[in-house]
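Reader: I'm in my first year and still learning to read structures like this one. Could you take me slowly through a single part, the sheet and what lies around it?

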Amino acid sequence: MAELLTLARPYAKAAFAYASEQNATDAWSNALQLLGAAVQDEAFSAYLNRPELTPAEQVGLFAKVLGEDQSQAVSNFLTLLADNDRLTLLPEIAAEYELLKSQNNNTLEVVIESAFPMDAKQEHILAHALEKRFNKTVQMTVTVNPALIAGVVIRAGDQVIDDSALNKLEKMRTRLLA
């Protein structure tokens, strides 16, 4: 996984730099998300990886996925990836692109697992506290995970804040067994 990210990062940076220059970051974001999803589809991926397909034919397949939304720049990008046998990196490129876009917009994607559903007021209070802590605009996704027993697990970038009862019980168990 880390190796794929290492390979994908330069392509994502180049795509983001170009898209920023052209004021087309959202269009590129949409295109990369679609292309990444296509690569993750089993049937599409199996067809794409057939040895008899030339890079031009592979790019043609992606043109069908994007339809009219495919710009010449995206086509050139896909050609570069196809020529270097890197089309399978599209999901990682899309993820890294989104990370660069978030950093540029000073936003942070936060995933919150809660033991119980949160109401709008609780979400607002938590979002405000996280914005203050990270000094960024926070975009939250909240999911319910009853296995946590109580509390929340917050994933913000590479940081994890685990304030769940399950985590506290596990720590207690570890101390008792030590």
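Author: Happy to: we will begin with the sheet, go strand by strand, and then look at the helices and spaces around it. Please keep in mind that this is a predicted model.

Let's start with the overall layout. The sheet is open and has four strands, which come in the order β2-β1-β3-β4. Its pairing is mixed. A little background helps here: strands in a sheet are held in pairs by backbone hydrogen bonds, and a pair can be parallel or antiparallel. Now, which strands stand at the edges? They are β2, residues 137-144, and β4, residues 159-164. Each of these has a single partner strand, so one of its sides has no neighbour in the sheet. If you follow the sheet across, the twist from one strand to the next averages 15°.

Next, look at how β1 and β3 fit together. Strand β1 covers residues 107-114 and strand β3 covers residues 151-156. The two run antiparallel and are joined by five bridges. You can find individual partners on your screen: Val-110 stands opposite Ala-156 in β3, and Val-111 stands opposite Arg-155 in β3.

On we go to β3 and β4. These strands also run antiparallel, with six bridges between them. Gly-151 has Ser-164 in β4 as its bridge partner, while Ala-156 stands opposite Gln-159 in β4. That makes Ala-156 a handy landmark, since Val-110 faces this residue too. Between β3 and β4 there are two residues, and the strands form a hairpin. In the turn sits Gly-157, with a positive phi of about 65°.

A helix belongs in this picture as well. Helix α7, residues 120-134, lies across β1, β2, β3 and β4. Relative to β2, α7 runs at about 135°.

Now for the spaces. Rolling a probe the size of a water molecule over the atoms reveals where empty space remains. The largest pocket has a volume of about 410 Å³. Its lining has 18 residues, and those closest to the centre of the pocket are Leu-99, Ser-102, Leu-108, Glu-109 and Gly-157. You have already met Gly-157, in the turn of the β3 and β4 hairpin. Two or more lining residues come from each of α6, β1 and β3. Which element gives the most to this lining? It is α6, with five residues.

Since α6 has come up, let's follow this helix away from the sheet. Glu-96 has its place in α6. Is Glu-96 buried or exposed? It is buried, because its relative accessible area is 8%, and the cut-off for buried is under 20%. Beyond residues up to four places away in sequence, Glu-96 touches Leu-5, Arg-9 and Ala-12.

Helix α6 also takes part in the largest nonpolar core, which has 33 residues. Inside this core, the residues with the most contacts are Trp-28, Phe-62, Leu-90 and Ile-93. At least two core residues come from each of α1 (2-21), α2 (25-40), α3 (42-48), α4 (55-66), α5 (72-83) and α6 (90-104). Apart from this core lies another, of 11 residues, including Val-110, Leu-126, Val-152 and Ile-154. So there is Val-110 again, the residue that stands opposite Ala-156 in β3, now listed as a member of this other core because it meets the rule for buried nonpolar residues joined through side-chain atoms within 4.5 Å.

One more residue gives a view of the helices. Ala-38 lies in α2 and is buried, with a relative accessible area of 11%. Setting aside residues up to four places away in sequence, Ala-38 touches Phe-44, Ser-45, Phe-62 and Val-65. Ala-38 and Leu-66 are 28 residues apart along the chain, and their C-alpha atoms are separated by 9.8 Å.

Finally, a closed space: a search of the whole structure finds one cavity of 30 Å³ or more. The largest cavity holds about 40 Å³ of space, and among the residues that line it are Leu-48, Gln-58 and Leu-87.

Definitions and conventions: Residues are numbered from 1 along each chain as its sequence is written. This is a predicted model: local features need pLDDT of at least 70, side-chain atom pairs count only at pLDDT 80 or more; totals for chains, interfaces and linings use all residues. Side-chain values use heavy atoms; hydrogens and water are left out. Buried means under 20% relative accessible area, exposed over 50%, partly exposed in between (1.4 Å probe, protein chains only). Contact means heavy atoms within 4.5 Å. Two strands pair if DSSP finds at least two bridges between them. Axes are lines fitted to C-alpha atoms, for helices over the stretch in contact, and angles run from 0 to 180 degrees between N-to-C directions. On a 1 Å grid over the protein atoms alone, a cavity is a set of points where a 1.4 Å probe fits but cannot get out, and a pocket is an open set with protein on both sides within 12 Å along at least five of seven lines; lining residues have an atom within 4 Å of a point. Grid points are joined across faces, edges and corners, and a volume is the space filled by probe spheres set on the points.
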